[in-house]
Amino acid sequence: MEEYRYFNRDISWLSFNGRVLEEAANDAVPLMERIRFLSIYSSNLDEFYRVRMPYLQKKEIQDGGEDAYSKAGAIIDRQQDEFGRILRDSIIPSLSNLGVHFCYKNGIPEDIASIANDYFFAQVAGFLQPVIIKKNTSFFPENNQLYLVVILEFSSGKERVALVNIPVGNLNRFLKVTSGNKDYIVFLEDIIKRNLKSLFPAAVGIQAFNIKVTRDAELDMMDEDGDDIAEKFEKQLTKRDFGFATRLLFEPGLPLRQLQHIVSFFDLKSASVVQGGRYHNLKDLASLPVSPPADTYPKWPAVEGIEGVDENHTLFDSLTSRDLMVHAPYQSYDTILRFFNEAAINPLVEEIYTTMYRVAHDSKIAFALISAAKNGKKVTVLVELKARFDEANNIRWAKKMKSAGVKIVHSVNALKVHAKLALVKRRHAEHPYLGLFATGNLNEGTARFYTDHILLTAHQPMLMEAETLFRFLSKKKKPDSSDIIAFKHLLVAQFNLQAKFLQLIDREIEHAKNGRTAGITIKLNNLEEEVLVNKLYEASQAGIPVRLIVRSVCRIVPGLQGQSENIVVKRIVDRFLEHGRVFIFHNNGNPEIFMGSADWMNRNIYRRIEVCFPVYSEKLKAELTEMIELQWQDTEQAVMIDSELNNVSLKGTGSGIRSQEAIYRLLSGGVAELKLI
């Protein structure tokens, strides 16, 4: 096999998070949104340390002759310096211009000291649990929780070290105090620091420094099954916050002797010991109490209404005559909620099947399924317990639905079910099957800011294949050679998904070799899996233009002579999180379009059940193609990834299109204004 060059998946992800940081630095972005991008960057980085840094540390992976773990650390250090610069030199002065004094690194001004002290005794003190570190101390710092390392000096000459919790789970991270015509915002930990003498009255000297321990997020689940699988997951969840430490983050100035003492005492020798800023968990910046919220994105109300659905015609009536597609968050998610609500009350509906990967905290869909079960319908829900960081919420909803009579199915541990689909069966109907297929979770919460596409259809053969898949998943087993399901419409990972995509690319290569027009346009969140990546390289070498919109992880290296000179990769970061997966194959002028849940990553291809689905409606194909073309023309929020993994700005290169704005205008019923106004 030809030797190809690839980007390292984790270094490429850090390139994406760096792109998020660029939006925080962008003066054209409203101030409060820039602060939100800082929060997103910080939250992303915390998850990276919980999920990926342990892997890099254990595997000793090389990237271009350099240790990937060390390379990642160096990139993060540079980004953290940039984070601090943006906050210090741009965000804080801009807040000050709005009359908001953000007390960052400057302690608590005397103007509001008495108010802060009163707040400490009235609201904070009761949540504090100081612990002196000594030989018989059993205390263990929890994952991503904030603590003060307090160095205490006594008149006897003795020195002690204590940890004091910062109770952000009980109180707001920030306190806002208005004095005169100015708002002051102070950190909770600074209020506690100011009052440490009340906790340690015998100490004659007190120093305090912030620390945080980040721990591995993996759950140690054996590949087992049974009715108690949810209970086993719950037990593992209680252990997650006390798992293998991947990072100790500490405030500058913490004496080396005390730092080494903490590392030794809490057995953090294998963790990355990283000097950060004065404050940690700056994902909390998203809750900065600036009121009224100043300088945010203009509102884009979701487009309401469904053509042909009125008081005389239900959504189900409309579906029997044509396919519908909802583009969230541009269009209202109420159409999806209506699908489940109509299923719950329609007397002709006998059975409902759906997958739920990340359940909304207050899920209206789950409530509709509960009502359906209580209304006598057979309801089967596959709730994925292994949706990282959503396990506890999914377990909670699974129990609630099960108690209402819903049949709950969990996947085996070796296989996640990441597919997004639902199916309704009706009796005495010309179209007994109705259903939906989505690129994102059936979650009305994330649908407000994730861009996804949901196809609603009465295509009977496709929905019959969905029923076959649900029946297989109900067996709770991993597919093996005896499980042969001939999917003709759906592309299902573990069955035919990878093979079908390879076939579609091969068909484009065959067109190109025979002088026919060919082209491939793909939009993904992540692109990693080498078999598919190599096939795209092969397409490029056949002279086929390959256009890729990849949000985060991208292992394909574009623009290399003899390997990928016909491949262009773009990345879009804007007010909404780009989340849809779309696959367009030119097919000599007769394009085929697929959408679905599957990124092209090892986990999606080899360790998950994923479903991609065709778009058959010519009207919807044209609409979706126009949306993707607007994204490809984006020069305001899109960047091009070059062969060295740089995010190359496209501003000033001609079109002036901000694709999310253009798509919103398009779906609002007007002509898409391609120029920013």
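**Exercise 1. The pair α11 and α12**

Task: In this predicted model, determine how α11 and helix α12 (residues 364-374) pack, and which residues meet.

Solution.
1. The axes of α11 and α12 lie 8 Å apart, at an angle of about 10 degrees.
2. Angles under 35 degrees count as roughly parallel, and α11 is therefore roughly parallel to α12.
3. On the α11 side, the residues in contact are Leu-337, Phe-340, Asn-341 and Ala-344. They meet Lys-364, Ile-365, Ala-368, Leu-369, Ser-371 and Ala-372 of α12.
4. Sorted by class, this contact has seven nonpolar, two polar and one charged residues.

**Exercise 2. The loop before α11**

Task: Identify the residues joined by a cis peptide bond, and place the proline in the chain.

Solution.
1. The cis peptide bond links Ala-328 to Pro-329, with omega about -5 degrees.
2. Pro-329 belongs to the loop between β12 (324-328) and α11 (334-345).

**Exercise 3. The pair α2 and α4**

Task: Describe the crossing of helix α2 (residues 31-51) and helix α4 (residues 68-97).

Solution.
1. The two axes come within 11 Å and cross at roughly 155 degrees.
2. Angles over 145 degrees count as roughly antiparallel; α2 is therefore roughly antiparallel to α4.
3. The crossing of α2 and α4 is left-handed.
4. From α2, the contact includes Leu-31, Arg-34, Ile-35 and Leu-38. From α4, the contributors include Ile-76, Gln-79, Phe-83 and Leu-87.
5. By class, the contact of α2 with α4 has 13 nonpolar, five polar and one charged residues.

**Exercise 4. The course of α4**

Task: Compare the expected span of α4 with the distance between its end C-alpha atoms, then locate its kink and describe the residue Gly-99.

Solution.
1. α4 has 30 residues, and at 1.5 Å a residue these should span 44 Å.
2. The end C-alpha atoms of α4 are 42 Å apart, which agrees with the expected span.
3. α4 nevertheless has a kink of about 35 degrees, centred on Leu-87. Leu-87 is also among the α4 residues that make the contact with α2.
4. Gly-99 follows α4 and has a positive phi, near 85 degrees.

**Exercise 5. A positive phi at a lysine**

Task: State the sign of phi at Lys-105 and where Lys-105 is found.

Solution.
1. Phi of Lys-105 is positive, about 70 degrees, although this residue is not a glycine.
2. Lys-105 is found in the loop that runs between β3 (100-102) and α5 (113-124).

Definitions and conventions. Residues are numbered from 1 along each chain as its sequence is written. This is a predicted model: local features need pLDDT of at least 70, side-chain atom pairs count only at pLDDT 80 or more; totals for chains, interfaces and linings use all residues. Side-chain values use heavy atoms; hydrogens and water are left out. Axes are lines fitted to C-alpha atoms, for helices over the stretch in contact, and angles run from 0 to 180 degrees between N-to-C directions. Helices (H or I, at least four residues) and strands (E, at least two) are DSSP runs, numbered from the N terminus. Angles under 35 degrees count as roughly parallel, over 145 as roughly antiparallel, 65 to 115 as roughly perpendicular and the rest as oblique. A crossing is left-handed if the near helix is turned anticlockwise from the far one by less than a right angle, and right-handed if clockwise. Contact means heavy atoms within 4.5 Å. Ala, Val, Leu, Ile, Met, Phe, Trp, Tyr, Cys and Pro count as nonpolar, Asp, Glu, Lys and Arg as charged, and the others, Gly among them, as polar. The expected span of a helix is 1.5 Å times one less than its number of residues. The bend at a residue is the angle between axes fitted to the seven residues ending there and the seven starting there.
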